Amino acid sequence: MGDKVATESFALSDRQRYRRKLQQCLAGLGRLLAEERFDRPRNLMGLEIELNLVGGDGQPRMMNAEVLERIASHDFQTELGMFNLEVNIVPHRLGGRVLDQLAEELRAGLGYAHRKANEVGAGIVMIGILPTLEQSDLVSGNLSDDHRYTLLNEQIVAARGEEFVLDIEGVEKLNCSSASIAPEAACTSVQLHLQVTPGRFAAVWNAAQAVASVQVAVGANAPFLFGKELWRESRPPLFQQATDTRPPELQAQGVRPRTWFGERWVNSAYDLFEENLRFFPALLPICDEEEDPLRVIDEGGVPSLHELVLHNGTVYRWNRPVYGVADGVPHLRVENRVLPAGPTVTDVVANAAFYYGLVRALAEEARPVWTRLPFEAAAENFDTACRDGIEAELRWPRPGRNGGIATVPVVDLVREELLPLAAAGLDAWNVEPADRDHYLGVIEERCKRRANGASWQAGTYHRAREAGLEREAALAATTRRYCELMHRGDPVHTWPVGFPGPGG
């Protein structure tokens, strides 16, 4: 979806031509896999963070164009809403002091962007959903000034044929509707990329699916939307409903949503790309008329598979397969899209360390977790973790050959079983032991204290209400305090709940 899109409209024949081209791309991918044309192992990882722009009052600022003009760096780009930015960190090789290096680069880049935003009365905040967003902020007029977002909105709205219904019941209940996909802009996330060989892809993707629930439970940071306290991580239900091309009748028929956990473990990357073609109609049927992927392969070249890549970008899997070409060599990546942004750089890097270590260890187990955990249980775990956050209880295989499945508090699962695995995985990546211990220690402390971004936001909000603030004022005060502590940089498990001074 990063491609520049110039098309104004699509003819009926465009979709048929695009479907044929997609099948050619899929056949080309199959050829590349069969001929073992992919990049060798390089242990490369990448990181993207979606950001919010806020003012000193804690309210969103619809001014990403002005802020980006001042930042003047290709590392920062627009995102869906005018109050959104995205920062991309160049790929790094996993190993050595990479975690501290990532942290330093993020602090420097975000600090610079924050100072530039300050020049026009805004600031940068990393948070899953900005608590002060209102329905009136999330309308089509506040989509970023980029034609690809307008076109995507038009196509999703046309596919659905009616307003989007947001219906989320958590601590409180939200029920409202939207005439556009703009509410999806409220969801700001961290995306973790891992380049893998075709032979390792299925194991890494399956491992990532199995631990998605654990990631979101310990990293939850989005308990509020439109003034309502909902799930501890409200992004997934919001994202699904705000991009749902299915009216109720298609939902009743079992048609799959475009924001999707999936429904099975896989045997290869090809499985996922093939499912995306089989289940999801094209939203942006834009053809590259110059490239015949099969002819390019016949001539010894590497196709861009433009149509396949574009279509893949409109299917919002929580762990997404990615095809890319770098220096003329194709590669595959697993893009992990589970985590919310923030709260601090240290927390983001700790979440990344936990993920990269854990998927490495689980992918190499003799009896992989996905052979012992039904996929339906993994999907249920994901919903449970989003709803309950760090208080979640998940279904997980018991140790031993005939252990079966047990329901365990996620904090116990992480401390007793998964943190040692993550440490072993980071060792296998040759990550510096001091960095390994420091960042995994952040995850351990969250579990010890049962504290993360979502619990801090909810606790601080309720302190504000108890002190007599009305709902909107309490959310704004919570946001301002969050921004203050985020920029101070201490990890969220150390943040005092409430406000400094009497009655805080």
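Reader: Before turning to this structure, when do two strands count as paired?

Author: Two strands pair if DSSP finds at least two bridges between them. In this predicted model, glutamate 48 stands opposite asparagine 88 in strand S3.

Reader: How many bridges join S1 to strand S3, and how do the two strands run?

Author: Strand S1 and strand S3, the latter spanning residues 84-93, are joined by eight bridges and run antiparallel.

Reader: To which other strands is S1 joined?

Author: Strand S7, residues 189-196, is antiparallel to S1 and is joined to it by five bridges. Within S7, histidine 193 is the bridge partner of glycine 46. Strand S4, residues 123-125, also runs antiparallel to S1, with three bridges between them. There, valine 125 stands opposite asparagine 52.

Reader: How should the two faces of S1 be read, as buried or exposed?

Author: In a regular strand, side chains alternate between the two faces of the sheet. In S1, one side carries Leu44, Gly46, Glu48, Glu50, Asn52 and Val54, the other carries Met45, Leu47, Ile49, Leu51 and Leu53, and all of these are buried. Because 11 of the 11 residues of S1, residues 44-54, are buried, this strand is largely enclosed by the rest of the structure.

Reader: What is the average pLDDT of the protein, and where is the pLDDT below 50?

Author: Where pLDDT is low, the predicted coordinates should not be read in detail. The protein averages a pLDDT of 95, and 97% of the residues score at least 70. Residues 1-5, however, have a pLDDT below 50; this stretch has 14 contacts in the model beyond near neighbours in sequence.

Methods: Residues numbered from 1 in each chain as written. Predicted model: local features only at pLDDT ≥ 70, side-chain atom pairs only at ≥ 80, totals over all residues. Heavy atoms only, no water. pLDDT = per-residue confidence, 0-100. Contact = heavy atoms within 4.5 Å. Buried < 20%, exposed > 50% of the residue type's maximum accessible area, 1.4 Å probe, protein only. Helix = DSSP H or I, 4+ residues; strand = E, 2+ residues; numbered from the N terminus.
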